[in-house]
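Hi,

Here is the structure I promised to pass on. Have a look, and then read my notes below.

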Amino acid sequence: MTQRIEEASVVWLTQEGYDQLKAELEQLKGPARAEITQRISDARDEGDLKENGGYHAAKDEQGKIEARIRQLEDMLRRAQVGETPKKGGKVEPGMKVSITFAGDDEVETFLLGSRELLALDASVDIDVYSPQSPLGAAILGKKKGEKATYEAPNGKPVTVQIVAAEPFTG
């Protein structure tokens, strides 16, 4: 049970994704934090803070920056860095997976990995499912043709069949 909990808290990232998140964190902790601190100080010098829109806007932005810093620090602490798999066939993080739902012939294709990867590259036009999501956990390790069942948010079992699992190339 402990290992399952630890696995659920892992954030799967490529080395490139990890490096980009690390760079964003450094920028937020350095220049962005210094700039917002200066804006707050300048607004405070203007006098009455109750009706100072610039001060309140800067404080709101400071809160968002600090929240993002905490999020990034948490993600990087839990990061499992790996490379995109070199060959297909088995569902694992970094794979572009195609599935069909039981009773439906329509194929759904998505990336199994960290949702943060989407935020890093706007050109990526594919849904992303985390390996820790109910669907991701159910299909992890499965091969083409195999079926997996997971519990949907409404509590009903959902069965899917793996159609393909190929390395994600972007």
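What follows is what I found in the sheet and in one helix.

First, the small print: this is a predicted model, where local features need pLDDT of at least 70 and side-chain atom pairs count only at pLDDT 80 or more, while totals for chains, interfaces and linings use all residues. Residues are numbered from 1 along each chain as its sequence is written, and side-chain values use heavy atoms, with hydrogens and water left out.

The sheet is open and mixed, with five strands in the order β5-β4-β3-β7-β6 (strands are DSSP E runs of at least two residues, helices H or I runs of at least four, both numbered from the N terminus; two strands pair if DSSP finds at least two bridges between them). β5 (128-129) and β6 sit at the edges with a single partner strand each, so one side of each has no neighbour in the sheet.

At one edge, β4 (residues 107-112) runs parallel to β5, joined by two bridges; Leu111 has Val128 as its bridge partner there. At the other, β6 and β7 (residues 157-167) are antiparallel, with five bridges, and Lys147 is partnered by Gln161. Five residues separate β6 and β7 in this hairpin, and Gly155 in the turn has a positive phi of about 90°.

In β6, Ala148 and Tyr150 point to one face and are buried (under 20% relative accessible area; exposed is over 50%, partly exposed in between; 1.4 Å probe, protein chains only). Lys147, Thr149 and Glu151 point to the other face and are not buried.

Over in helix α3 (residues 53-78) is Arg68, which counts as buried because its relative accessibility is 19%.

Cheers
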